[in-house]
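Here are my notes on the model you passed along. Have it open while you read, and check me as you go.

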Amino acid sequence: QDWLNARRFGRSQNYTKLQKSGHSISMHDKFVLFLHSSDDELIASGLGYSEFWGRQEKALIKLSDYFTKNSELKLVIRAHPNLLTRSKNERMRWLGIFKQVNATIIPPDANIDTYQLIIDSEAVMTFGSTAGIETSLLGKPSLLLGPALHSDLNATIPVQSEEELTFIIAKLEDKSLDISSFILQAHKYAFFYAKGGQSFIFNQVVGSLDSQDPEMKVEGIKLK
């Protein structure tokens, strides 16, 4: 849990320092949480587009329509705090998108604790965000709508159609969704990033760099 706690309490990322630990929203209805991602970061890393959902903004409109028509669960959207650092045009663009959806919008400058929101939700939807891993670590169903660097680790539940979403929502409502395998995989991911592999302060090539000799190897002294 060290990796998760470092992120949650602002030791490895700055924006959580602006949030009041344990502070959530007052909702009588059960809700599904969508964690908005920084759009420019998604696009720059090649994670900004889903074959079914399209871009993130189109996904929000589809989700708003879906939950309005098909589920008693409410949709809550947490705008990423990094939106505060984007250009005025980008902030205004997202404000316009948020106005188009039937959902509770938590603005980027709200001191609401994102991690408490995850805990209070029935499930969390992400679009390429590491928050999908964090959701699984917190023991909540993590629904991945778009591509992500962790897509192939089976630490989140891929959702690439309305039929798949309907199937998962039904399991949420009857409490039959088993996420134990996803939680296990998320712990593996967190363990790797917490340890960061093995560090070396010195390495030495044994053999010729120009050689095709399979015996050539690199020896190192591990940092203690």
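What follows is a numbered set of points, going from the overall picture to single residues.

1. First, the caveat: this is a predicted model, so please read everything below in that light. The protein has 8 helices and 8 strands. Of its 224 residues, 44% are buried. The exposed surface comes to about 12600 Å², and 52% of that is supplied by carbon and sulfur atoms. Taking contacts between residues at least 6 apart in sequence, 64% of them join residues at least 24 apart.

2. Now the sheet. Six strands make an open sheet with parallel pairing, in the order S3-S2-S1-S4-S5-S6. Its edges are S3 (104-106) and S6 (157-158), each of which pairs on one side only.

3. A walk through some of the pairings. S1 and S2 run parallel and are joined by 5 bridges; within that pair, Phe34 has Ile77 of S2 as its bridge partner. S2 and S3 also run parallel, with 3 bridges, and here Arg78 stands opposite Ile106 in S3. At the other edge, 2 bridges link S5 (residues 142-144) with S6, again in parallel, and Leu144 is matched with Pro158 in S6. As for cover, 4 of the 5 residues in S2 are buried, so to speak of S2 as mostly covered is fair.

4. Which residues touch the most other members of the largest nonpolar core? They are Phe34, Leu63, Phe67 and Met125, out of 32 residues in that core. Several elements supply at least two residues each: S1, H3, S2 (74-78), H4 (88-99), S4 and H7. H3 gives the most, with 5 residues. Separate from this is a second core of 20 residues, which includes Phe31, Leu33, Leu117 and Ala131.

5. Met125 is a good place to look at the packing. Setting aside neighbours within four places in sequence, Met125 is in contact with Val32, Leu33, Phe34, Leu35, Leu63, Phe67, Leu75, Leu143 and Leu145. Three names on that list, Phe34, Leu63 and Phe67, come up again with Met125 itself as the residues that touch the most other core members.

6. Helix H7 (residues 162-173) rewards a closer look. At 1.5 Å a residue, its 12 residues should span 16 Å, and the end C-alpha atoms are indeed 16 Å apart, so the two agree. The buried residues in H7 are Leu165, Ile168, Ile169 and Leu172. Looking down the axis, the buried residues of H7 fall within an arc of 100°, and so they line one face of the helix. That spacing is what one would look for, because an α-helix has 3.6 residues a turn and residues three or four places apart point the same way. The face turned away from the buried side carries Glu163 and Phe167, which are exposed. Cover for the buried residues of H7 includes S1 (31-35), H3, S4 (123-126), S5 and S6.

7. Is Gln56 buried or exposed? Gln56 counts as buried because its relative accessible area is 0%, against a cut-off of 20%. Gln56 belongs to H3 (residues 56-70). Beyond neighbours within four places in sequence, Gln56 is in contact with Phe34, Leu35, His36, Ser37, Asp39, Leu42, Gly48, Trp94 and Phe127.

8. Tyr115 sits in helix H5 (residues 114-120). With a relative accessible area of 1%, Tyr115 is buried too. From Tyr115 to Leu138 is 23 residues in sequence and 8.4 Å in space, C-alpha to C-alpha.

9. Two backbone angles to check by eye. Asn154 has a phi near 60°, a positive value in a residue other than glycine. Asn154 is in the loop between S5 and S6 and is partly exposed, at 49% relative accessible area. Lys175 likewise has a positive phi, near 60°, and comes just after H7. Lys175 is in the loop between H7 and H8 (180-195); its relative accessible area is 59%, over the 50% cut-off, and therefore Lys175 is classed as exposed.

How values were computed: Residues numbered from 1 in each chain as written. Predicted model: local features only at pLDDT ≥ 70, side-chain atom pairs only at ≥ 80, totals over all residues. Heavy atoms only, no water. Buried < 20%, exposed > 50% of the residue type's maximum accessible area, 1.4 Å probe, protein only. Contact = heavy atoms within 4.5 Å. Areas by Shrake-Rupley, 256 points an atom, 1.4 Å probe, with all protein chains shown as cover. Pairing = 2+ DSSP bridges. Expected span 1.5 Å × (residues − 1). Arc of directions from axis to C-beta. Core = buried A, V, L, I, M, F, W, Y, C linked by side-chain atoms within 4.5 Å.
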